[in-house]
Structures are given as C-alpha cells and as structure tokens.
Amino acid sequence: MLPKRTKLKNLPHHVDMLAIGGGITGAGVALLAAQQGLRVLLVEQKDYAWGTSSRSSKMVHGGLRYLAQGAVGLTRESLREREILINELPGLVQRHSYLFPVYKKQFPGRWAMGAALTLYDWFAGVRDHQWLPLKKLQQQLPFMAVHKMNGAMRYTDAATDDSRLVLRVLQEACAEGATVMNYVQARRIEARKSTDGNIGHSEVTLVDALSQEERVITANHVVNATGTWADELSATAPKIRPLRGSHLIFAAHKLPVNYALSLLHPVDKRLIFVFPWYGHTVVGTTDLDHTQPKFEEAYAEQEEIDYLLQLIKTRFPHCNIGYTDIISSQAGVRPIIRSGKDIKPSEEDRGHLVWQAPGRITVSGGKLTTFRIMGLDVLLAAGLINKHEYKKQYRRKTLFSHAVAWPAGLGHLDVAQPITPADAATLQAWWHWAIHKEQVVHLDDLMLRRTHIGNVTADGGLALLTTHQHWLTEQLSWNSAQWESEIERYKNIWQTYYQPKLNNCVGG
Ligand SMILES: Cc1cc2nc3c(=O)[nH]c(=O)nc-3n(C[C@H](O)[C@H](O)[C@H](O)COP(=O)(O)OP(=O)(O)OC[C@H]3O[C@@H](n4cnc5c(N)ncnc54)[C@H](O)[C@@H]3O)c2cc1C
C-alpha cells in the first residue's frame, strides 16, 4: 500500500536523496537508500512503471542468452538475485518451468544445453533441469510442431508481474520512510557549491503534471534513474542506445502452453519466449533500434507483429493463429548502454552503468532482475556505503522486511493464475484497493499497471469500464466531464499503443 499522493507544497524543502524515475531502478535506489536511514524522495513523471518496467518479458531470470554470449558475471549475479526474489516474494516472483526444444543437427544440442544448464543451476544454487524426450514433450505440448525435434531441456527461471514488482519495491521504500510521488517531472538539476568550493547539494526543479505547480527542492544526492531518458538529465555525452522489444498477447485457449518456451525464431535464430501469464499466452520479444518519438509510449510496429506471428505459425501451425487473435501488443524500450560498436541490437551488452556529473549520479541499463545490485552500485558511487559495507550488502539474501496487505477476498496475487476477476464484486474489490491505496491517477494506471485488465481484454476493458462507470466515478470523485475526458484519454492510449495495428497485414 502506498501513502495517498501528496502535493508538491507538502514535500520537504530538503532531502538526503532525490531519486528521479519510478521504474524498477529508481524504486530500487529509493528502497536501498531508505534502508540506510536516508530521507528519500522519488518522483516519476508519469505513472510508476510507466516506462520500460511495465513492458518487459516478465521474467526474473539469469538469462540463458547472456550466458551463451559469455556474459558470465551478469548471469551469475542475476541468478543470485532471482533466488532472493523467489524466496521473498512468493506469488509475485514465481519459479516457473521453461522448455528449450532441441533439434536434430542444430546447435545447441542436448549435451551442450545440459552443460550450460548445469552451470546455470550451479550459479543459482539449485538443481532443477532435466531432459524431456520427444514423446513426453508431445504429451505436454500437443499443439507444438515437433518436426526434426529430439526433445527439450526443461529448466527453471521465474515469472513476475513487472509493474507490480515496481509497486512492491516502492511500498517497501515507503515503509522505510521514503516519500514517492507520481506525475511529477524533474525538469532541471543544478549543482550548488558549498563554502569550501565543493559540490554541496543540488537544486532540482519539479513540476506536478496534474496541477502544473512548480517547486525547487534541494538534495544532498540526486539520482537520475530515468532509463531510456537518462541522457536528458545526465549532463554528459549521450550513452543510451534505445532498443525496442515488443510482445503479443493471446487467449490461452488459442495458444495453449503450460510451460514457458524458449524458442529459436526460424529466420534469425533469435531466442523468443512464449509464456503463460495471468491465464493468457504472451509471445516476445523483438529487438531493434527504437526510432519512434522519444517521449511517447512505444508501440509494436507491423514488421514486429509479422516477425512474431511467423514464429507462432511455424511452431504452432495447428493453432491457426492470425492477426485477429492478438488481444493486445506491448512494446518497451531497453535502456542499453551503447558500446559504440557497429553491432546488432541483440549483441549489445545488457549490463548497467553508474556515472556522474556535477550534482547528479546517473544509473541506467541493466535488467529488472538486477535492481538491487544497481541500487547498491549507486550507494557506493554516492559514498553512502564503503566497499566493505557494499560486499556485506551484496551477500545479503533478504531485501523486504515489511508485509504488504492485499484486498480481502482476492486471495494472493499469483502470476500463474487468470487475472480477470470472475465477478463484479471481486473486480470492484480490486479496483477499490488500487484506487485508494496505490495512487491511481488515470484510468490507464488502473487498467494497465495496477491490474492488467487492459492488456488481456480484447477492447482494452473499455466495455467493462462503461459497465462500472457509476461506481468508478464515485470512487475516483470524478464528475461526468472528467469521466468523459478520462475515457477518451484511455481509449486513445489503448488504441494508439496497445491495439495491434492491423492495416496492410498479410494473411489471416
Ligand atoms: C521488451 C523488453 C523485455 C525485457 N524483459 C526483461 C525480463 O524479462 N527480465 C528482466 O530482468 N529485464 C527485462 N528487460 C529489461 C528491464 O525491463 C529494464 O532494464 C528495466 O525495466 C529498466 O528500468 P528503469 O527503471 O531503468 O527504466 P524505466 O522503467 O523506463 O523507468 C524510468 C522512468 O523514469 C521516468 N522519467 C523519465 N524522465 C523523467 C523525469 N524527467 N522526471 C521524472 N521521471 C522521469 C519515466 O517516465 C520512467 O517511468 C526487458 C526490457 C524490454 C524492453
């Protein structure tokens, strides 16, 4: 539960740390700093997790692909973090079985995969992979084409709800004393010198997107955790190569998978995931340079939809999947630290970087999975912990110490279970919780990030909203003009960025 959204004028004039960006990186920084006893403020220009952190492949994982690329350190670190999160956040970060089909005369074969997974498991401190012979695989996945397939390696990783993971980290940060505010943009950061000529503190201009109110606050440490937008506030030469990745969401009965599958795309042999999520099936992702307008939400382009459908049609020919089966798409932009080399998007390193300029520390790159390490690296760079303390914290196996309440009657959040509530009372109980306890400002916050009804319902949940209009307006204290403008805003967002673009499509 988050405290009620406050007003800029109620914020303290000075804080120990200001974290800019309400994605997983900023949330992680805020939590670790608050756990150090610092007075922390986090601001997010839109909604929490509005950026990349609600558009991932929903995995808390080591990354088999990164291991194959030789990024052993990143894989090892991510697997350690995976295990911590699985242990600490049951339901929200769920251990899950993944299958990697192995084909005749194609690399990697059974033994190479077995060796890689032995190492993968060893890094994580678990022993959980096995060979599934073809017959067994066919029983488990009757709809998958098994032509030239030998069988599959089953291994373990974890599935999550990325935007709720961000909320959970923010809730923990608030329980440790942090203040968080969405729809507040940091416009300008200025380093101020102290009397001895060193940088004493920073002044940051904040603007509330709802009231247009402006306020300057000062902070001893300012952390720019704005992901893809990090170059805007870093005051250094640009470092980010924005790479877009898109996913498609299908009804589970159209594309039934009870395992998450790691499949090689028939054209370029890139790894694509087909995985169950909240009772639906998600397919992704693509990986290409992002050239859409930088400050708008990203969307899946026609060529990406075609590319992902090509995989589905090849691997699941009997499911007869076509464009009209896509419930929604979701695109996110990876904040990749540019290598400067002329290499393909998928070859760029997925690690993170912390760098400094007067009055600010910037952190970007990395993964959802490694947010705790990114936060620790920031504390070290800020001089808030020394190397000894860093090592001690790095080895810690716990992060969360506050329980989080959940609406009565809703059971536990479980990414493996269908998300759409079966009846109106349950739906309203959930919405009520989100509206009153999780700083919902707009309908898209409610539909796309607190609940995912907008992602898994064919019309984005617009019909459902209309059915519950009276109740929702009461809960949100909106008059009819506000409701109309909110519905229009949500419809526009959903149709522009989440509804699959069906023009010029080939086939059915
Ligand atoms: C397609 C795809 C799949 C992925 N899959 C996985 C996966 O399965 N597992 C995994 O571990 N990682 C995955 N990742 C990587 C992971 O999602 C990202 O590394 C992570 O979400 C980045 O988080 P962030 O907080 O740095 O950035 P963001 O989530 O983008 O957060 C930055 C925030 O800063 C805000 N902001 C920007 N400017 C300002 C400003 N001036 N003032 C205030 N706020 C501002 C933005 O609105 C934004 O919300 C994936 C990434 C993509 C794109």
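**Exercise 1. Polar contacts of the ligand**

Find the polar backbone atom of Ile24 and work out how far it is from an oxygen atom of the ligand. Then look at Ser53 and Ala186 in the same way.

*Solution.* Keep in mind that you're working with a predicted model.

- Step 1: start at Ile24, where a polar backbone atom sits 3.2 Å from a ligand oxygen.
- Step 2: go to Ser53, whose side chain places a polar atom 2.5 Å from an oxygen atom of the ligand.
- Step 3: switch to the ligand's nitrogen chemistry and pick out Ala186, which has a backbone N or O atom 3.0 Å from a nitrogen atom of the ligand.
- Step 4: check each distance against the 3.5 Å cut-off for a polar contact. The pairs at Ile24 (3.2 Å), Ser53 (2.5 Å) and Ala186 (3.0 Å) can be read off against that limit.

**Exercise 2. How the protein surrounds the ligand**

How much of the ligand's accessible area does the protein cover, and which elements give two or more residues to the shell?

*Solution.*

- Step 1: on its own, the ligand has 1,000 Å² of accessible area, and the protein covers 96% of that.
- Step 2: two or more residues each come from helix H1 (24–35) and from strands E8 (184–193), E11 (240–251) and E16 (328–337).
- Step 3: now list the neighbours. There are 37 residues around the ligand, and Thr25, Glu44, Ser53, Met59 and Thr369 come nearest.
- Step 4: sort the shell by type, and you get 12 nonpolar, 20 polar and 5 charged residues.

**Exercise 3. Two helix pairs**

Classify how H11 lies against H15, and do likewise for H3 and H4.

*Solution.*

- Step 1: take H11 (residues 424–437) and H15 (residues 469–476), whose axes come within 10 Å and cross at roughly 25 degrees. H11 is therefore roughly parallel to H15, since angles under 35 degrees count that way. The handedness of this crossing is right-handed.
- Step 2: take H3 (residues 72–88) and H4 (residues 110–124), with axes that come within 8 Å and a crossing angle of roughly 50 degrees. That makes H3 and H4 oblique to each other. H3 also passes H4 in a right-handed crossing.

**Exercise 4. Odd spots in the backbone**

Where do Pro108, Thr285 and Gln212 lie, and what is the backbone doing there?

*Solution.*

- Step 1: recall that most residues other than glycine have a negative phi, and most peptide bonds are trans.
- Step 2: the Phe107 to Pro108 bond is cis, with omega near -5 degrees. Pro108 belongs to the loop between strand E4 (93–103) and H4.
- Step 3: Gly284 and Thr285 are joined by a cis peptide bond too, with omega about 25 degrees. Look for Thr285 in the loop between strands E14 (280–284) and E15 (288–289).
- Step 4: Gln212 isn't a glycine, yet its phi is positive, about 65 degrees. Its loop runs between strands E9 (199–208) and E10 (214–224).

Definitions and conventions: Residues numbered from 1 in each chain as written. Predicted model: local features only at pLDDT ≥ 70, side-chain atom pairs only at ≥ 80, totals over all residues. Heavy atoms only, no water. Near = heavy atom within 4 Å. Polar contact = N/O pair within 3.5 Å; in protein donor to acceptor, adjacent residues only side chain to side chain. Areas by Shrake-Rupley, 256 points an atom, 1.4 Å probe, with all protein chains shown as cover. Helix = DSSP H or I, 4+ residues; strand = E, 2+ residues; numbered from the N terminus. Nonpolar A, V, L, I, M, F, W, Y, C, P; charged D, E, K, R; others polar. Axes fitted to C-alpha atoms, helices over the stretch in contact; angles between N-to-C directions. Parallel < 35°, antiparallel > 145°, perpendicular 65-115°, else oblique. Left-handed = near helix turned anticlockwise from the far one by under 90°.
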